[in-house]
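User: I'm new to this structure and would like to learn how to read it. Could you walk me through it one feature at a time?

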Amino acid sequence: MRSRRARLGALAEGLDAVLVCGENRSGSGVGWLTGWPVTAEAVALFDPRRSGVLYVQYHNHVPLARRLARDFEVRWGGASTIDSLEKELSGRDLRKLGVIGPLAAAKQRRLAQRFELVDLNAGYTSLRLVKSPEEIDWVRVGAWLSDRAIEALRREAHAGLDERALWRICENAYVGEGGSTWIHYFGATSMAAPDCCVPAQYPSTRRLQRGDAMFCEISAQFWDYPGQVLRSFTVGEEPNALYRDLYHCASEAFAELRSVLKAGTPARDLVEAASCIQRAGFSTCDDLVHGFVGGYLPPVLGSAGRPAGPVPEMTLEAGMTIVLQPNVVTRDGRAGVQIGELVLVTNTGHERLHKAPMEFFRLD
């Protein structure tokens with residue numbers, strides 16, 4: 001925590017203070033800086049020269065925030081957090097404020113009448129790219145919790161269950177160990193007549209059937225440190241020829257991505273490494289690669305056949321945590337598989353953080 005504040009202080013050089021904002025359980029900067037995961041609303045006033053103040057809504061959230069927030073004076077935001085914040089700011093000699101996280105337009109306009117506001121979100125994102133050893137320890141816990149969900153699915157998922165039941169299997173695997181859900185996405189379709197190529201963000205009531213393909217993307221987290229593991233399954237039968245080809249291509253792409261992954265690798269080399277997808281006549285739907293932990297972080301890369309925008313001019317650094325996730329799909333978007341996981345970039349290569357086997361599992 002001391003290191004984070006020193007780094008934020010360096011980012012804020014030339015500013016009088018920084019507002020780190022969160023609302024409706026979003027705004028990772030608040031937890032990163034104070035230890036308090038955002039619930040309804042939270043604004044941390046960070047001044048490198050004096051103790052910080054954290055405003056929290058609702059009143060009944062204040063007692064826990066006071067136990068969790070590190071070295072910040074926690075106050076109830078009152079009937080209006082922006083009123084309480086502005087009153088505090090007016091008592092200090094402040095003119096230029098940095099802003100990190102979500103701050104509604106009306107609140108920005110109000111503060112901008114009295115202060116010069118400077119957007120520090122890009123700088124904050126850069127602070128989250130390389131993880132400290134302490135953060136990596138917690139990421140390992142998140143990866144372990146996520147792997148528990150995969151193992152539970154292998155044991156318990158079967159024909160007749162709908163996607164809501166699959167969600168329950170996942171959560172039962174890790175909530176008792178102190179984990180919580182970042183995401184658990186599922187997709188399922190008949191291998192003989194496919195109509196789904198990528199996991200969905202909300203569950204359907206469709207029931208698994210013999211002859212299905214099913215794929216998932218799971219991130220269980222320890223506080224705000226998640227893993228991410230992606231695996232594919234068949235239900236009651238071996239994969240047919242199309243799904244064997246899709247999975248073989250995804251496995252080849254994953255191996256090629258791993259072969260170039262190390263500190264110093266340009267982001268563009270990762271896109272080129274997965275060119276086997278296009279050569280095989282397939283494409284992708286999901287992003288091929290993205291940074292993770294602390295947000296959906298750079299580099300966010302699509303495949304050559306489905307770009308995610310301009311490839312950033314950046315190179316990987318040791319300590320980055322990156323998700324490799326080739327979601328290989330047919331060009332008509334009717335069939336697909338997904339594999340992958342979160343890995344740690346090192347100076348000589350990378351470390352796989354997940355222990356779940358990389359297989360095309362069969363559920364019986």
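User: Let's start with Lys107. Is Lys107 buried or exposed?

Analyst: Keep in mind that this is a predicted model. The general idea is to look at relative accessible area, where under 20% counts as buried. Lys107 has a relative accessible area of 19%, so it is buried.

User: And what does the side chain of Lys107 meet in a salt bridge?

Analyst: For a salt bridge, you look for a side-chain nitrogen of Lys or Arg within 4 Å of a carboxyl oxygen of Asp or Glu. Here the partner of Lys107 is Glu23, at 3.6 Å from N to O. The two sit in distant parts of the chain, with Glu23 in strand 1 (residues 17–23) and Lys107 in helix 5, 84 residues apart. Glu23 itself is partly exposed, at 27% relative accessible area.

User: How many salt bridges turn up in the whole structure?

Analyst: A search finds 26. One of them joins Arg110 and Asp83, whose closest N and O atoms are 2.4 Å apart. That pair links helix 5, home of Arg110, to helix 4, home of Asp83, across 27 residues. Both partners are partly exposed: Arg110 has a relative accessible area of 29%, and Asp83 has 39%.

User: Which parts does the salt bridge between Arg140 and Glu351 tie together?

Analyst: Arg140 is in helix 7 (residues 133–156) and Glu351 in strand 18 (residues 350–352), so this pair ties together parts 211 residues apart in sequence. Their side chains meet at 2.5 Å, N to O. Arg140 is partly exposed at 34% relative accessibility, and Glu351 is partly exposed too, at 28%. Salt bridges can also share partners: Asp47, Arg49, Glu73, Arg75, Glu88 and Arg92 are joined into one network that way.

User: Back to the helices. At what angle do the axes of helix 4 and helix 5 cross?

Analyst: With a helix pair, you check the angle between the axes, and under 35 degrees counts as roughly parallel. The axes of helix 4 (residues 81–90) and helix 5 (residues 105–112) cross at roughly 20° and come within 12 Å. So helix 4 is roughly parallel to helix 5. Their crossing is right-handed.

User: Which residues meet there?

Analyst: From helix 4 you have Ile82, Asp83, Glu86 and Leu89, and from helix 5 Lys107, Arg110 and Leu111. Sorted by type, the residues of this contact are 3 nonpolar, no polar and 4 charged.

User: Now the backbone. Where are the cis peptide bonds you'd point out?

Analyst: For these, look at the omega angle. One joins Gln57 and Tyr58, with omega about 5°, and Tyr58 is in the loop between strand 3 (52–57) and helix 3 (62–68). Another runs from Pro298 to Pro299, with omega near -5°; Pro299 lies in strand 13 (residues 297–301).

User: What about phi for Arg25 and Val293?

Analyst: Here, check the sign of the angle and whether the residue is a glycine. Arg25 is not a glycine, yet has a positive phi of about 65°. Val293, also a residue other than glycine, has phi near 85°. Arg25 sits in the loop between strand 1 and helix 2 (28–34), while Val293 is in the loop between strand 12 (289–291) and strand 13. Arg25 is exposed, with 66% relative accessible area, whereas Val293 is buried at 1% relative accessibility.

Conventions: Residues are numbered from 1 along each chain as its sequence is written. This is a predicted model: local features need pLDDT of at least 70, side-chain atom pairs count only at pLDDT 80 or more; totals for chains, interfaces and linings use all residues. Side-chain values use heavy atoms; hydrogens and water are left out. Axes are lines fitted to C-alpha atoms, for helices over the stretch in contact, and angles run from 0 to 180 degrees between N-to-C directions. Helices (H or I, at least four residues) and strands (E, at least two) are DSSP runs, numbered from the N terminus. Angles under 35 degrees count as roughly parallel, over 145 as roughly antiparallel, 65 to 115 as roughly perpendicular and the rest as oblique. A crossing is left-handed if the near helix is turned anticlockwise from the far one by less than a right angle, and right-handed if clockwise. Contact means heavy atoms within 4.5 Å. Ala, Val, Leu, Ile, Met, Phe, Trp, Tyr, Cys and Pro count as nonpolar, Asp, Glu, Lys and Arg as charged, and the others, Gly among them, as polar. Buried means under 20% relative accessible area, exposed over 50%, partly exposed in between (1.4 Å probe, protein chains only).
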